[in-house]
Amino acid sequence: MASSAAATYRCAECGADLNLTAAQLYPEGVYFEAGNKGTLSFSWVDESRLRFTPEDKIRPFFETLNYWGIQRKRTRISCDACGRLLGYVYDDGPPAMEGTGQFGMGPSQVIPRRPRYRIKTKAITVANPPAIAPYR
């Protein structure tokens, strides 16, 4: 998927405009605990175009070497028009506050994080890809 402010994304199933642009993408190379393979990570989404379903499973999961556990709580993101699964919301975005912890007592305190909307690249298409300059 190309990264340009002009690129917008649509549902690959029904073609519905998801109101997602490349300007809302996290920069390439940003590290996330849950990984980023085969997905695009957005910092913001238009909630009126998507459907959110909480998911709570108690069984082992392994996303990456550093992101695993027994109980997985996440939120499914689906296209509001057709219901196709687009991705998930993760809580491993950038810190939602400045400082070194919830109570300012050091890094061992829980630091609240902004949500990261992880959308599968196979579930979306680029509506207007950026023009590529001719090769000279």
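The largest nonpolar core of this predicted model comprises 20 residues, and those with the most contacts inside it are Tyr9, Leu18, Phe42, Ile77, Leu86 and Ile124. Two or more residues each come to this core from strand E1 (8-11), strand E2 (17-21), E3, strand E5 (67-79), strand E6 (85-90) and E7. The secondary structure around it amounts to zero helices and eight strands, so that the chain, read along the sequence, follows the pattern β-β-β-β-β-β-β-β.

**Overall figures**

- Of the 136 residues in the protein, 34% are buried.
- The accessible surface of the protein is about 8,700 Å², and carbon and sulfur atoms account for 53% of that area.
- When contacts between residues at least 6 apart in sequence are considered, 56% of them join residues at least 24 apart.

**Leu86 and strand E6**

- Leu86, one of the residues with the most contacts inside the core, has a contact list that, once residues up to four places away in sequence are set aside, includes Cys11, Leu18, Leu50, Ile77, Ser78 and Cys79.
- The same list for Leu86 also contains Arg118, Ile119, Lys120, Ala123 and Ile124.
- Strand E6 is mostly covered, with six of its six residues buried.
- E6 pairs with E7 in the antiparallel sense, over four bridges, and in this pairing Tyr90 stands opposite Arg116 of E7.

**Strand E3 and its partner E7**

- In strand E3 (residues 39-42), Thr39 and Ser41 point one way while Leu40 and Phe42 point the other way, and all of these residues are buried.
- E3 is joined by four bridges to strand E7 (residues 116-120), and the two strands run antiparallel.
- Within this pairing, Leu40 has Ile119 of E7 as its bridge partner, and Ile119 is also among the residues that Leu86 touches.
- Phe42, which belongs to the residues with the most contacts inside the core, has its C-alpha atom 8.3 Å from that of Ala22, although the two residues are 20 apart along the chain.
- Ala22 itself lies in the loop between E2 and E3, and at 11% relative accessibility Ala22 counts as buried.

**The three-stranded sheet**

- An open sheet is formed by three strands in the order E2-E1-E8, with antiparallel pairing.
- E2 and strand E8 (124-126) stand at the edges of this sheet with a single partner strand each, so one side of each is left without a neighbour in the sheet.
- From one strand to the next in this sheet, the twist averages 35°.
- The antiparallel pairing of E1 with E2 runs over three bridges, and the bridge partner of Tyr9 in E2 is Leu20.
- Tyr9 is also listed with the residues that have the most contacts inside the core.

**Asn19 and Asp46**

- Asn19 is found in strand E2 and has a positive phi of about 55°, although Asn19 is not a glycine.
- With a relative accessible area of 29%, Asn19 is partly exposed.
- Asp46 is placed in the loop between E3 and E4, and because its relative accessibility is 12%, Asp46 counts as buried.
- The side chain of Asp46 makes a polar contact of 2.7 Å with the side chain of Ser48.
- Leaving out residues up to four places away in sequence, Asp46 touches Leu18 and Asn19, of which Leu18 is one of the residues with the most contacts inside the core.

**Glu55 in strand E4**

- Glu55 has its place in strand E4 (residues 50-64) and, with a relative accessible area of 10%, Glu55 is buried, because buried here means under 20% relative accessible area.
- The side chains of Glu55 and Arg74 are joined by a polar contact of 2.7 Å.
- Apart from neighbours within four places in sequence, Glu55 is in contact with Arg72, Lys73, Arg74, Arg76 and Tyr88, so that Arg74 appears both in this contact list and as the partner in the polar contact.

Notes
Residues numbered from 1 in each chain as written. Predicted model: local features only at pLDDT ≥ 70, side-chain atom pairs only at ≥ 80, totals over all residues. Heavy atoms only, no water. Buried < 20%, exposed > 50% of the residue type's maximum accessible area, 1.4 Å probe, protein only. Pairing = 2+ DSSP bridges. Contact = heavy atoms within 4.5 Å. Areas by Shrake-Rupley, 256 points an atom, 1.4 Å probe, with all protein chains shown as cover. Core = buried A, V, L, I, M, F, W, Y, C linked by side-chain atoms within 4.5 Å. Polar contact = N/O pair within 3.5 Å; in protein donor to acceptor, adjacent residues only side chain to side chain. Axes fitted to C-alpha atoms, helices over the stretch in contact; angles between N-to-C directions.
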